[in-house]
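Here are my notes on the model you sent over. Have it open while you read, and take the points in order.

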Amino acid sequence: MNIQGLQKMTLLDFPEHVACTVFLGGCDFRCQFCHNYELVEGVMPAAMSEEEFFEFLDKRHGLLDGVAITGGEPCLRPDLPEFIKKINDAGYPVKLDTNGNHPDVLKKLLDEKLVAYVAMDIKNSPKKYAVTIGLDETFNLANVRESISLLLNSDIDYEFRTTVISQYHDENDFREIGEWIGGAKNYFLQGFTDRDAVPDHSLSAPTAEEMIRYRDIAKEFVNFAAIRGVDID
């Protein structure tokens, strides 16, 4: 496995776990609000070898109790299931971040019980999906729909999440998203924040009041909805 980055400890990326976060390069979306856009093309040199990573994990027993895998899009890696199995065998549960465009990989991971938690991005309502992910209107949502269904019908811990951007989202989008993921265990909204790696610096976050409205709309459809990263009642 070619590993593009490692955050050695996080209390945020894997709920209820002290984890490290592994960054894998390459993505099939081109979201102009992505914080890890330098990973999208997958051409960054490896930050460490797989052997070095497992040496790191061996030394972190008692300090870490989980591994989060993010990207880019990890499911593009054909060796992802075997990599996760090795992490499990080393004594660590795995949380996976995914854009949901690879339900075949997600199904394999779920069927083989290789992941303990999945966080899937819901970029926008169906009609706005293509423009939000930076692709043309021919983008087929079938894979995303299948991944949503896989998670809704699984017994795994999971969340859906949306990065909320003033230029892309409005109230109606969250009604449509709510209907799409109706009955979901967890749905988190997180306001956009600009960073150096973000391609489009003209983007902005909604106001706190707008975020609350969007959350309250989502609450009508899911079991739990919350705003992440902002102290809002």
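1. Let's start at one end of the sheet: β7 and strand β8 (residues 225-228) run parallel and are paired over four bridges. Two strands count as paired if DSSP finds at least two bridges between them, and strands here are DSSP runs (E, at least two residues), helices too (H or I, at least four), numbered from the N terminus. Phe188 sits opposite Ala226 in β8. Together with helix α7 (residues 208-219), β7 and β8 make up a right-handed β-α-β unit. Right-handed means that, with the strands pointing away from you, the path from the first strand over the helix to the second goes clockwise.

2. A word on the source before going on. This is a predicted model, where local features need pLDDT of at least 70 and side-chain atom pairs count only at pLDDT 80 or more, while totals for chains, interfaces and linings use all residues. Residues are numbered from 1 along each chain as its sequence is written, and side-chain values use heavy atoms, with hydrogens and water left out.

3. On its other side, β7 pairs with β6, again in the parallel sense, over five bridges. The chain gets from β6 to β7 through helix α6 (residues 171-180), and this β-α-β crossover is right-handed as well. Across this pair, Phe160 stands opposite Tyr187 in β7.

4. What is the order of the eight strands in the sheet? They go β1-β2-β3-β4-β5-β6-β7-β8, in an open sheet with mixed pairing. β1 and β8 are the edge strands, each pairing on one side only. From one strand to the next the twist averages 20°.

5. Now look at strand β3 (residues 66-70), which runs parallel to β4 and is joined to it by three bridges. Ala68 has Lys95 as its bridge partner in β4. Helix α2 (residues 80-89) packs on the sheet and touches β2, β3 and β4, its direction making about 165° with that of β3. Contact means heavy atoms within 4.5 Å; axes are lines fitted to C-alpha atoms, for helices over the stretch in contact, with angles from 0 to 180 degrees between N-to-C directions.

6. Two backbone spots are worth a look. Most residues other than glycine have a negative phi, and most peptide bonds are trans. Glu16, in the loop between β1 and β2, has a positive phi of about 65°. Gly71 and Gly72 are joined by a cis peptide bond, with omega about 10°; Gly72 lies in the loop between β3 and α2.

7. Finally, the lining of the largest pocket. β1 (5-10), β2 (19-23), β4 (94-98), β6 (157-164) and β7 (187-191) each supply at least two of its residues, and β6 gives the largest share, four residues.
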